[in-house]
Amino acid sequence: MSFLKFKNIKIVGASATVPDNKVFNKNSPLFDNHDDYNRFFESTGIESRYTVGNSGLCTSDLCVDAAKRLMKAIEWSEDSIDCLILVTQTPDYVLPATSCIIQDRLGLKKNCYTLDISLGCSGWVYAFSVAAAILESGAFKRAILLAGDTTSVTKSPLDRSTYPLFGDAGTATAIEFSQEFGTTAFDFGTDGSGFDSIMIKDGGYRNPVNEKSFLVEQKEDGKLRNDLQSILNGAEVFTFGISQAPKSVKQLLSNLDLKPDEVETYLFHQANRMMNERIRTKLKLETNQVPYSLDIFGNTSSASIPLTLCHAKNDSPSNGRYMACGFGVGLSWGTAYFELDNAKILDINYI
Amino acid sequence: MIDNNNFLEKFKEVLEIEDQEIGLEVEFRNLEEWDSLALLSVIAMIDDEYDVIIKGNQFKELKTLNEVIGYINSQL
């Protein structure tokens, strides 16, 4: 069991920014005809995505926009922020850590604690737990958590099993020390035996980039891509998600002695509709408890949970009890329980 | 033990091939309708109907519907 619980942690607000480039899957050359597309849409539920395309926008650019707007809206001055955490798997550079660059771009004070975390679909939950642990004692008062990815650039445009699924987004979540605010709690898990289910083989230090890395060819799984583009073993990830996500949510509910209907809103990582609906029905949740953003934004990796929170703000209250569950690349999963009290959830911005 | 006919019906329903005559010995990956979405839908159907989750790498070993049924039965 991996259970963490905090009592002095408050989410003050959240924001999300996406590239101003909407791509409709029905226009994709990957689908032979309308029926072909309809079949894709019925299973995945992904109608469109916002992608960086050739704009040159990076995760950091999207996150900086989200952070600036949020800091302004909640009136947090640059020098009041003690901690900046970025979770992404599409950093600006191999080194330095992108959070260091963002500290300067946001004008945060020099004695700011900054940290990059390399996780995807589960990343926001993990980074939230790190921020909570750092803030709980009250020594640090304010943290900005950035979660974003430009996953679209890591997929092969010739691979219909991955390319139409992914969108890009950057998000910011403002978290502060707030004495006896309420309960924030987490459940975590990892199964590294599935590390190759979602993976980019070349470009790290195990397999440095070489001339062959760029060669687009049909791989052992039948997909056309090069080794700088992402593998996605759909069946493996699907079975992982539908088994681990409901288990993790149930575990956390049970640790907190809560019934599923005592939590108003469940924010799930936005994988695809078939998978997410299965998780929802396994947990016997009502449709109005489980907002979606994947229909419009696709799978946005580490940004998906806060993006869904921002997207759904008209449908669900920014007060009350929330459960957020991320699951995917690693394989890694995590569930967070938190309570919102008049949190400032901003409209999504398009840049 | 699961009902073989019921399984076959559900399988055909998922692939939208209700009007085709196929048997349990068919190597389903050779069906024209088989693709990555079909794979996920079949895994989902088996989870729904029999409460058995077949992992991707286990599913890969199963060639015919008879073998799929055998695997489900071994998990019940």
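Q: Which runs count as helices and strands here, and how do the elements of chain B run from the N terminus on?
A: Helices (H or I, at least four residues) and strands (E, at least two) are DSSP runs, numbered from the N terminus. This is a predicted model, in which local features need pLDDT of at least 70, side-chain atom pairs count only at pLDDT 80 or more, and totals for chains, interfaces and linings use all residues. Residues are numbered from 1 along each chain as its sequence is written, while chains are lettered from A and ligands numbered from 1 in the order in which they are written. On these terms chain B has 4 helices and 0 strands, and from the N terminus on its elements run α-α-α-α.

Q: What radius of gyration does chain B have?
A: The C-alpha atoms of chain B fill a box of roughly 30 × 25 × 20 Å along the principal axes. The radius of gyration is taken over C-alpha atoms, and the globule rule is 2.2 Å times the number of residues to the power 0.38. For 76 residues a compact globule would have a value near 11 Å, and chain B agrees with this at 11 Å.

Q: Which residues of H1(B) are buried?
A: A residue is buried if 20 or more other C-beta atoms lie within 10 Å of its own, exposed if 12 or fewer, and partly exposed in between, with C-beta atoms placed from the backbone. The face of H1(B) turned away from its buried side carries the exposed residues Asn5(B), Asn6(B), Glu9(B) and Glu13(B), whereas what covers the buried residues includes helix H2 (36-50) and helix H4 (65-75) of chain B. The buried residues of H1(B) are Phe7(B), Phe11(B) and Leu15(B).

Q: Why are the buried residues on the same side of H1(B)?
A: The arc is that of the directions from the helix axis to the C-beta atoms. For the buried Phe7(B), Phe11(B) and Leu15(B), the same side of H1(B) follows because they cover an arc of only 65 degrees around the axis.

Q: Which helix supplies the largest share of the side of chain A that touches chain B?
A: Two residues are in contact if their C-beta atoms, placed from the backbone, lie within 7 Å, and 14 residues of chain A are in contact with 14 residues of chain B. Helix H1 (34-44), helix H5 (234-255) and helix H6 (273-282) of chain A each supply at least two residues of the side that touches chain B. The largest share, 7 residues, comes from H5(A).
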